[in-house]
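The following note sets out points on the fold, the core, the pockets and the backbone for a colleague's consideration. The points are numbered for ease of reply.

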Amino acid sequence: MLKLSRTDYDALRRHGEETYPHECCGVLLGRLDEGGVRIVSSTARCGNTRTDSPQNRYNIDPRELVRIQREGRELGEDIVGFYHSHPDHPARWSPTDLEEAHWIGCSYVITSVDRGIAAITNSFELTGSDEADKQFLDERVEIG
């Protein structure tokens, strides 16, 4: 399960609206509790560095990701997930999303943005032991 504050939930949805018709992307920072629940304490917006098809693909610059990870650790936060938007597409993962997901044990939040308005937001946990057997599982999101 993934726990998000209303502020962080609204912020990642708003990010998708602001970047429409391109995909937005960002990082979820927080901690894993004793029960395996990922608790988000902050979000970090990232720039989508894809120039070939930013309307249906995203990429986070590795240097930006390292900076966010370092800054988070200084505050006692770890990367617990990522988010991105699907402009005019469902809030479901695509084969490309799975292929490009590498942080096993993290949440991957997707918001569908229909004609510029955030619609549905879903989360998926990347499970498996390595690249060969990774898969996304639907994940419950608690907002509060």
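1. Residue I60 is a convenient starting place, being situated in the loop that runs between β3 and α2. The model is a predicted one. With a relative accessibility of 12%, I60 is classed as buried, because the limit for that class is under 20%. Its C-alpha lies 6.4 Å from that of C46, although the two residues are 14 apart in sequence. Beyond residues up to four places away in sequence, I60 touches C25, G26, V27, C46, G47, T49, L65 and F82.

2. I60 also belongs to the largest nonpolar core, which comprises 20 residues. V27, I60, I79, F82, Y108 and F136 have the most contacts inside this core. Two or more residues each are given to it by β2 (25–32), β3 (38–46), α2 (62–74), β4 (78–87), β5 (107–114) and β6 (117–127). The largest contribution, three residues, is that of β2. A separate core of ten residues lies apart from it and includes L2, L28, V80 and Y83. As general background, nonpolar side chains in soluble globular proteins tend to be buried together.

3. Which residues does F136 contact, leaving aside neighbours within four places in sequence? They are W93, D97, L98, A101, Y108, F124, E125 and L126. Of these, Y108 is also listed with F136 among the core residues that have the most contacts.

4. Strand pairing involves β3 with two partners described here. Strand β1 (residues 2–4) runs parallel to β3 and is joined to it by two bridges; within this pairing, K3 stands opposite I39. β2 and β3 run antiparallel and are joined by eight bridges, with G26 having R45 of β3 as its bridge partner. The hairpin formed by β2 and β3 has five residues between the strands, and G36 there adopts a positive phi near 85°.

5. The largest pocket holds about 320 Å³ of space. It is lined by 15 residues, and Y58, N59, I60, E100 and H102 are the closest to its centre. I60 is thus named both here and in the largest core. At least two lining residues come from each of α2, β4, α3 (95–100) and β5. In terms of class, ten of the lining residues are nonpolar, three are polar and two are charged.

6. For the second largest pocket the volume is about 250 Å³. Its lining likewise consists of 15 residues, with E23, N56, R57, H86 and S94 nearest the centre. β4 and α3 are the elements that give two or more residues to this lining, and α3 supplies the largest share, three residues. The lining is made up of four nonpolar, six polar and five charged residues.

7. Several backbone features merit inspection. The peptide bond between Y20 and P21 is cis, with omega about 15°; P21 is in the loop between α1 (6–19) and β2. D88, a residue other than glycine, has a positive phi near 55° and lies in the loop between β4 and α3. Its relative accessibility of 40% makes D88 partly exposed.

8. R115 also has a positive phi, about 50°, and is not a glycine. Is R115, in the loop between β5 and β6, buried or exposed? At 73% relative accessibility R115 is exposed, because that class covers values over 50%.

Methods: Residues are numbered from 1 along each chain as its sequence is written. This is a predicted model: local features need pLDDT of at least 70, side-chain atom pairs count only at pLDDT 80 or more; totals for chains, interfaces and linings use all residues. Side-chain values use heavy atoms; hydrogens and water are left out. A nonpolar core is a set of buried Ala, Val, Leu, Ile, Met, Phe, Trp, Tyr and Cys residues joined through side-chain atoms within 4.5 Å. Buried means under 20% relative accessible area, exposed over 50%, partly exposed in between (1.4 Å probe, protein chains only). Helices (H or I, at least four residues) and strands (E, at least two) are DSSP runs, numbered from the N terminus. Contact means heavy atoms within 4.5 Å. Two strands pair if DSSP finds at least two bridges between them. On a 1 Å grid over the protein atoms alone, a cavity is a set of points where a 1.4 Å probe fits but cannot get out, and a pocket is an open set with protein on both sides within 12 Å along at least five of seven lines; lining residues have an atom within 4 Å of a point. Grid points are joined across faces, edges and corners, and a volume is the space filled by probe spheres set on the points. Ala, Val, Leu, Ile, Met, Phe, Trp, Tyr, Cys and Pro count as nonpolar, Asp, Glu, Lys and Arg as charged, and the others, Gly among them, as polar.
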